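I opened this model to look up a few helices and how they pack. My entries follow.

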Amino acid sequence: MATEITTLNPQPVWENFYRLTQIPRPTGQMEAVTRFVYDFGKSLGLETEKDETGNVLIRKPASKGFENRKTVTLQSHLDMVPQKNSNVAHDFAKDPIDAYIDGDWVRARGTTLGADNGIGVAFAMAILGDNSLKHGALEALFTINEEVGMDGAFGLKPGFIRGDILLNCDSEDEGKLFAGCAGGTDVNVSFRYKKGEPLIEGDIAVRLFVSGLKGGHSGCDIHLGRANANKLLFRFLKEAVSDYGVRLASVDGGSLRNAIPREAEAVLTLPKDNVELLWESVSDFQDIYRKEYAGIEDNITFTAELTKPPLSLIPEEIQDDLINSVEACQNGVATMFHDFPGTVESSSNLAIVKSSESAIEVKILARSSSASRMDALLSSLESVFALAGAKVEFSGSYNGWQPDIQSPILNLMKQVFQKMYGRDPDISVIHAGLECGIIQGAYPDMDMVSVGPDVKFPHSPDEAVSISSVQRTYEFLIAVLEDIT
């Protein structure tokens, strides 16, 4: 119940987080939530600004006796990823998130929760509203449209923020201090044709559907080895075309470039005499997938059902080129860090494959913390689709954030953490696109660290945030702010 969530500790954090869950805020729909945080700043009597991009900045003066300390900018993004299970009736454009408590976790019923990055926003709001805290001058920067394009960070102009230190609150592992992040590039592939081909007389139509996958964040979860619905579907399609005379009419797999695809479907036709063989093959492939991903994916479902005939078929040459290139496309972890064991350096996510009347679009998100590794990965992806005759374009590139182990704020936070918990925090590089890299481009002298509580499975309907971790992380942030000189 909402009332239960708002009584969790620290209460100001959870009250603000609950208020955020009641405001629809998928990427691209920022008006209501930016007005919410802008009005919040004004209601506290604090200096509040909104830049031409739509980012909101709230400034809070230093506590008495702390006036000569460095200015800290607390930064989080306002948008959330709109993902839901297929059996859930939820409209992200107008419906609030139905959050609930499950032991030590807050979850949402069948949808993403928005703890990414709503908890970071709630941290900043709680700090702004608490005049008992001790700190130097503070700013809270709330950026827009981070999840698709990082528009807010890219739109920041020099001089808008004044902080010497940036504390980004968009990481999702308590006990880790992130000192670097991956950059990213969208790979946009298109197969185009003038018109589809007519159906083959006597063939019948079948709908294939891959579902039940965990999905997840295409950066933070890419190392977990989860199944990619597009890869499973096209692996089967290649065999089905070869063995059963299948023709592909349409495909629709994945929905967001930064989410590992959980579902994919295709409509195809084939000779009636081969239908029983197809049913058997679908069942066999489901068994294969479940065996291969045992212990990783618990609910892989691969089904086939008769459906109404499509209007046309994808031209056979395009169909074959598409299937072969998607099968060959690199997906998952590409390279690992040497200096940060267990940390992914480069990866790609075959996020979306979607057909229309005269085109098929494939979208991949490539990530790397190394510029040269990124170039190599993009070259590899471009090559496989260029060989298939597709058009390949790159867009939406954003910089990585290069780690600096000599960072003063990093070393201070290590000391505070050790004092509070009696152990050293992990210093890591996150394999995701934090806004720090982009902000660093406009503010190259800012000292930066990213921190956050435990958030499981962001970008999927299984998203959950730890209640106890939120409390500890908030207490850690407050202690850091008090110790900054």
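What should the 15 residues of helix α4 (residues 115-129) span at 1.5 Å a residue, and how far apart are its end C-alpha atoms? I work with a predicted model here. The expected span is 21 Å, and the end C-alpha atoms of α4 are 20 Å apart, which agrees. Next I checked burial. Of the 15 residues of α4, 14 are buried, so the rest of the structure largely encloses this helix.

I turned to helix α6 (residues 229-244) and helix α8 (residues 316-328). Their axes lie 9 Å apart, at an angle of about 135°. That makes α6 oblique to α8. I noted the crossing of α6 and α8 as left-handed. On the α6 side I listed Lys231, Phe234, Arg235, Leu237, Lys238 and Val241. They meet Gln319, Asp320, Leu322, Ile323, Asn324, Val326, Glu327 and Ala328 in α8. By class, I get seven nonpolar, two polar and five charged residues in this contact.

Which helix residues meet where α6 packs with helix α7 (residues 275-292)? From α6 come Leu232, Arg235, Phe236, Glu239, Ala240 and Tyr244. From α7 come Leu277, Leu278, Ser281, Val282, Phe285, Ile288, Tyr289 and Glu292. I sorted the contact of α6 with α7 into ten nonpolar, one polar and three charged residues. The axes of α6 and α7 are 11 Å apart, at an angle of about 145°. Their crossing is right-handed.

One last note, on spacing. An α-helix has 3.6 residues a turn, so residues three or four places apart point the same way. Arg235 of α6 appears in the contact with α8 and also in the contact with α7.

Notes: Residues numbered from 1 in each chain as written. Predicted model: local features only at pLDDT ≥ 70, side-chain atom pairs only at ≥ 80, totals over all residues. Heavy atoms only, no water. Axes fitted to C-alpha atoms, helices over the stretch in contact; angles between N-to-C directions. Helix = DSSP H or I, 4+ residues; strand = E, 2+ residues; numbered from the N terminus. Parallel < 35°, antiparallel > 145°, perpendicular 65-115°, else oblique. Left-handed = near helix turned anticlockwise from the far one by under 90°. Contact = heavy atoms within 4.5 Å. Nonpolar A, V, L, I, M, F, W, Y, C, P; charged D, E, K, R; others polar. Expected span 1.5 Å × (residues − 1). Buried < 20%, exposed > 50% of the residue type's maximum accessible area, 1.4 Å probe, protein only.
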